[in-house]
Amino acid sequence: DLLRNDGTIRDVGPWLARLGRDTDPAVRAGAARLAFECRVRSTDWLDELAERDPDPLVRSVADHYRQRSNAVRAAGGFAP
């Protein structure tokens with residue numbers, strides 16, 4: 001949440017991508033959620049989480065936010 005609320009980091013995408021490789025599954029799942037909430041554009045790492053993360057809950061969370069992001073983009077909600 002500090003990445004989102006701090007205001008000093010313009011592009012949180014690289015930070016979230018790094019957190020998406022953390023050893024703690026909760027951190028990886030949180031990075032997926034925050035990527036959606038912050039409307040991160042480049043989320044190849046999110047696809048990787050959704051498809052190949054060793055933790056089934058992380059895969060589920062990442063896929064959920066990936067689908068929501070795709071739906072918002074398709075509806076014209078934010079730029080790809």
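Start by selecting Arg66, which sits in helix α5, residues 56-74. Keep in mind as you click around that this is a predicted model. Is Arg66 buried or exposed? Its relative accessibility is 16%, and the cut-off for buried is under 20%, so Arg66 counts as buried. Now show side chains and add Asp63: the side chains of Arg66 and Asp63 are joined by a polar contact of 2.8 Å. For the rest of the surroundings, skip anything within four places in sequence and you'll find Arg66 in contact with Leu46, Asp47, Ala50 and Glu51.

Next, zoom out and colour by secondary structure. You should get 5 helices and 0 strands, running α-α-α-α-α along the sequence. The protein has 80 residues, and 34% of them count as buried. If you like contact maps, take the contacts with a separation of 6 or more: 47% of those come from residues 24 or more positions apart.

Now select residues 25-37, which is helix α3. Its 13 residues reach 19 Å from the first C-alpha to the last, close to the 18 Å expected at 1.5 Å a residue. Which residues of α3 are buried? Pick out Arg28, Ala29, Ala31, Ala32, Leu34, Ala35 and Phe36.

Keep α3 on screen and bring α5 back beside it. The two axes come within 9 Å and cross at roughly 5°. Angles under 35 degrees count as roughly parallel, and α3 and α5 are therefore roughly parallel to each other. To see who makes the contact, select Pro25, Arg28, Ala29, Ala32, Arg33 and Phe36 on the α3 side, then Val58, Val61, Ala62, Tyr65, Arg68, Ser69 and Val72 on the α5 side. Colour that selection by residue class and the contact of α3 with α5 shows 9 nonpolar, 1 polar and 3 charged residues.

Slide to the front end of α3 and select Asp24, in the loop between α2 (13-19) and α3. What does Asp24 do at the N-terminal end of α3? Asp24 caps that end, with a side-chain oxygen 2.9 Å from the backbone nitrogen of Ala26. Asp24 has 36% relative accessibility, so it counts as partly exposed. Put a distance label between the C-alpha atoms of Asp24 and Asp55: they are 9.9 Å apart in space and 31 residues apart in sequence.

While you're in this area, hop over to Pro54, in the loop between α4 and α5. Pro54 counts as exposed because its relative accessibility is 70%. Another C-alpha distance to label is Pro54 to Pro25, with 8.9 Å between them in space and 29 residues in sequence. Leaving out residues up to four places away in sequence, Pro54 touches Arg28 and Arg59. You've met Arg28 already: it is one of the buried residues of α3, and it also takes part in the contact with α5.

For the last stop, go to the other end of α3 and select Arg39. Where is Arg39 found? Look in the loop between α3 and α4 (44-52), just after α3. Pull up its backbone torsions: phi of Arg39 is near 55°, a positive value in a residue other than glycine.

Conventions
Residues are numbered from 1 along each chain as its sequence is written. Side-chain values use heavy atoms; hydrogens and water are left out. Helices (H or I, at least four residues) and strands (E, at least two) are DSSP runs, numbered from the N terminus. The expected span of a helix is 1.5 Å times one less than its number of residues. Buried means under 20% relative accessible area, exposed over 50%, partly exposed in between (1.4 Å probe, protein chains only). A polar contact is a pair of N or O atoms within 3.5 Å; within protein, one must be able to donate a hydrogen and the other to accept it, and residues adjacent in sequence count only if both atoms are side-chain atoms. Contact means heavy atoms within 4.5 Å. Axes are lines fitted to C-alpha atoms, for helices over the stretch in contact, and angles run from 0 to 180 degrees between N-to-C directions. Angles under 35 degrees count as roughly parallel, over 145 as roughly antiparallel, 65 to 115 as roughly perpendicular and the rest as oblique. Ala, Val, Leu, Ile, Met, Phe, Trp, Tyr, Cys and Pro count as nonpolar, Asp, Glu, Lys and Arg as charged, and the others, Gly among them, as polar.
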